[in-house]
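This report describes selected features of a predicted model. It proceeds from one residue to its surroundings, and then to a pocket and a pair of strand connections.

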Amino acid sequence: MSSNTITVTLHQLAKMIDHSLLHPTMTDEDIVAGLQIARASNVATACVKPYLIPLAKKELAGSDVLVCPVIGFPHGNSTTEIKVIEATAAAKAGGNEIDMVVNVGKVLGGDWDYVKEEIRQINEAVVANGAILKVIFENDYLQSQHITRLCEICTELKVAFVKTSTGYGFVKQKDGSYNYRGATVKDLKLMREKSGKDVQIKAAGGVRTLDDLLHVMSLGVTRIGATATVAILEEAKKRGIGNELVEVSFKPMAEDSTGAY
């Protein structure tokens, strides 16, 4: 089998996806429509803001789509105490998987004791309430040494997932515009290499096509954050991916970028 093929089923692809419902302008009506998509697509989770956990539980009741609230989102700048309270409340309210954002300034400043202690406290609170934790690095702000150290910390603390990005970590570019790369091939390879075998990898930000999804799967990624869920799964059906395992080829992404934004 060539390096640009992978064997999958439609169910496997759907269960790779956290359907993202995190844009700040989304109304409750928008959220309900998104939750219906998550349910119909049978994805892994619907990723929602904490105040939406009751609505998500109601709309997803009877399905096996889990609720994934985010905390400290998107900038990770709340105090550790508040993050722990928010994570605990989210888990107790019915959040099955909790996505948190690290304190990026502390990471960049090398205050690793602070960073580790914060992740430890949040992870313990989440696990104690029957949920699992995904730690968002926001890689666009970081260098490879920061990503490596975060992976080592999360491995030591037995965190369930490490995650590339929020999808909202916009960086000012040389032309004055704000954009982000999100989950790059280079960073995903590094995260898989530097994380322990029991730590899963979530790619978020820019994984917009079936080819993108298949490529990150081939790198060892087990979950993606996506808004383009319907388009990805419809394309999979068109390419003959169904209930039985099938080998499919994919167009690889560039080393330092993901799909179109």
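Not counting residues up to four places away in sequence, A203 touches T164, A183, L188, V221, R223, I224 and G225. This alanine lies in strand β10, which spans residues 200-204. Its relative accessible area is 0%, and because buried means under 20% relative accessible area, A203 is classed as buried. The C-alpha atom of A203 is separated by 7.3 Å from that of S165, although the two residues are 38 apart along the chain.

One contact of A203, L188, belongs to helix α8, residues 185-194. In this helix V185, D187, L188, L190 and M191 are buried. The elements that cover the buried residues of α8 include α7 (144-156), β7 (161-163), β10 and α9 (210-218).

**The largest pocket**

Strand β10 also takes part in the largest pocket: β10 and β11 (223-226) each supply at least two residues of its lining. The space in this pocket is about 280 Å³. Its lining consists of 20 residues, and those nearest the centre of the pocket are T166, G167, Y180, G205 and T227. By class, the lining comprises nine nonpolar, eight polar and three charged residues.

**Strand β5 and its neighbours**

A further region of interest is strand β5, residues 97-101. Five of the five residues of β5 are buried, so this strand is largely enclosed by the rest of the structure. E97, D99 and V101 point one way from β5, whereas I98 and M100 point the other way, and all are buried.

Strand β5 pairs with β4 and with β6, as set out below.

| Strand paired with β5 | Residues | Sense | Bridges | Residue opposite D99 |
|---|---|---|---|---|
| β4 | 66-71 | parallel | two | V70 |
| β6 | 132-136 | parallel | five | K134 |

D99 thus has a partner in each neighbouring strand: V70 stands opposite D99, and in β6 the bridge partner of D99 is K134. Between β4 and β5 the chain passes through helix α4, residues 80-92, and this β-α-β crossover is right-handed.

Which residues of β5 point the same way as D99? They are E97 and V101.

Note on methods: Residues are numbered from 1 along each chain as its sequence is written. This is a predicted model: local features need pLDDT of at least 70, side-chain atom pairs count only at pLDDT 80 or more; totals for chains, interfaces and linings use all residues. Side-chain values use heavy atoms; hydrogens and water are left out. Buried means under 20% relative accessible area, exposed over 50%, partly exposed in between (1.4 Å probe, protein chains only). Helices (H or I, at least four residues) and strands (E, at least two) are DSSP runs, numbered from the N terminus. Two strands pair if DSSP finds at least two bridges between them. A crossover is right-handed if, with the strands pointing away from the viewer, the path from the first strand over the helix to the second runs clockwise. Contact means heavy atoms within 4.5 Å. On a 1 Å grid over the protein atoms alone, a cavity is a set of points where a 1.4 Å probe fits but cannot get out, and a pocket is an open set with protein on both sides within 12 Å along at least five of seven lines; lining residues have an atom within 4 Å of a point. Grid points are joined across faces, edges and corners, and a volume is the space filled by probe spheres set on the points. Ala, Val, Leu, Ile, Met, Phe, Trp, Tyr, Cys and Pro count as nonpolar, Asp, Glu, Lys and Arg as charged, and the others, Gly among them, as polar.
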